[in-house]
Amino acid sequence: MSKLKCAVIGAGYLGKFHAEKYASLKDCELVAVVDINAEAAQQVAEKHGTRALTDYQELLGKVDAVSIVVPTSYHHSVSKDFLNAGAHVLVEKPITVTVEEADELIAIAKEKNVILQVGHLERFNPAVRGLEKMEDKPLFIESHRLSPFNPRANDVSVVLDLMIHDIDIIMALVDSEVEKIDASGTAVLTQGTDIANARITFKNGCVANVTASRISMKMERKMRMFRPCSYISVDFQNRVLIKHRTGEKEMFPGIPEIVTEESVFESGDALLDEIKHFVNCIKTGENPLVPGEAGRKALATAIEITKFLTHR
């Protein structure tokens, strides 16, 4: 099979890493890097020996696949153009600004029979992949995603910037419709919400307590899950998965022992794994781990949480 002609739209902080990954793959040809900032596009393009463009429309119909790494407000319009042109699209999270925009992209991808994958990078964390082997659904989930302030993503609230990672993982694990949301949060450094907490109740009875902050003094990305006879802790940052479960012996008369299993995963390259997965789905026709529908579901829940915050 000939090399896939790939391009990266957006040469900012994350876009330059997308370009690096495509350039490293033997079954891909990075044909262009696009950014409205000509200098930014040129710097990334020169590093990988490819073309720099300022207008992505020059590539419509001329590439097989693209990564869309532009500000969220442009996700819909840029992705729509490439999907309509028959290109496979990996769009960064959140998929779009509105659910209606997400629905349109999903419909176009189906009509054109192309891959639409959403860049929920945490799904490719090896510790998260270890959760996919869980047999029982969780009954209660608690997650904390805390980060020092970074001006890079202050165009969206902390819910759409950070919390949406955990929302996406939780939605996949619980696999149930949302019944009720209660949330609170406040702005501290920006015009949007900088710290937020949401309590999500699902129709199957599971409850998730989700906290996200971008004004913390430390970095923390942890999730804890309680299931019948077991408790699971995930440290996304350090890639540690700890499973506690009841054993066959007794710790005290009538009280079962607690058996602990800890898995520490090697440091990997989640973005490279994500892009390799995208390319493999294009070549094999398999459904991506995070299709447009998953991105839409996470977005819809994040929007409801955000609405609740703005109505306080």
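Guide: Before we look at this predicted model, one definition is needed: two strands pair if DSSP finds at least two bridges between them. With that in mind, Ala32 has Arg51 as its bridge partner in strand 3.

Visitor: How do you know that strand 2 and strand 3 count as paired?

Guide: Three bridges join strand 2 to strand 3, and the two run parallel; since the definition asks for at least two bridges, the requirement is met and they are therefore a pair.

Visitor: What makes strand 1 and strand 2 a pair?

Guide: Strand 1, residues 4-9, is linked to strand 2, residues 28-34, over six bridges in the parallel sense, so the condition of at least two bridges is satisfied here as well. Among the partners in strand 2, Ala32 is the one that faces Ala7 across a bridge, while Val34 is the bridge partner of Ile9.

Visitor: Why are strand 3 and strand 6 said to stand at the edges?

Guide: The open sheet has six strands in the order 3-2-1-4-5-6, with parallel pairing. Strand 3 (51-53) and strand 6 (116-119) each have a single partner strand, so one side of each is left without a neighbour in the sheet. From one strand to the next, the twist averages 20°.

Visitor: What makes a right-handed β-α-β unit with strand 2 and strand 3?

Guide: Helix 2, residues 38-48, joins with strand 2 and strand 3 in that unit. The term right-handed is used because, with the strands pointing away from the viewer, the path from the first strand over the helix to the second runs clockwise. Strand 1, helix 1 (residues 15-24) and strand 2 also make a right-handed β-α-β unit.

Visitor: Why is Arg123 called buried?

Guide: Arg123 lies in the loop between strand 6 and helix 5 (126-131), and its relative accessibility is 9%. Buried means under 20%, so Arg123 falls within that class. Strand 2 is mostly covered too, with six of its seven residues buried.

Visitor: How do you know that Arg123 and Asp168 make a polar contact?

Guide: Their side chains make that contact at 2.7 Å, and because the limit for such a pair of N or O atoms is within 3.5 Å, the distance qualifies. Leaving aside neighbours within four places in sequence, Arg123 is also in contact with other residues, including Ile169, Ala172 and Leu289.

How values were computed: Residues are numbered from 1 along each chain as its sequence is written. This is a predicted model: local features need pLDDT of at least 70, side-chain atom pairs count only at pLDDT 80 or more; totals for chains, interfaces and linings use all residues. Side-chain values use heavy atoms; hydrogens and water are left out. Helices (H or I, at least four residues) and strands (E, at least two) are DSSP runs, numbered from the N terminus. Axes are lines fitted to C-alpha atoms, for helices over the stretch in contact, and angles run from 0 to 180 degrees between N-to-C directions. Buried means under 20% relative accessible area, exposed over 50%, partly exposed in between (1.4 Å probe, protein chains only). A polar contact is a pair of N or O atoms within 3.5 Å; within protein, one must be able to donate a hydrogen and the other to accept it, and residues adjacent in sequence count only if both atoms are side-chain atoms. Contact means heavy atoms within 4.5 Å.
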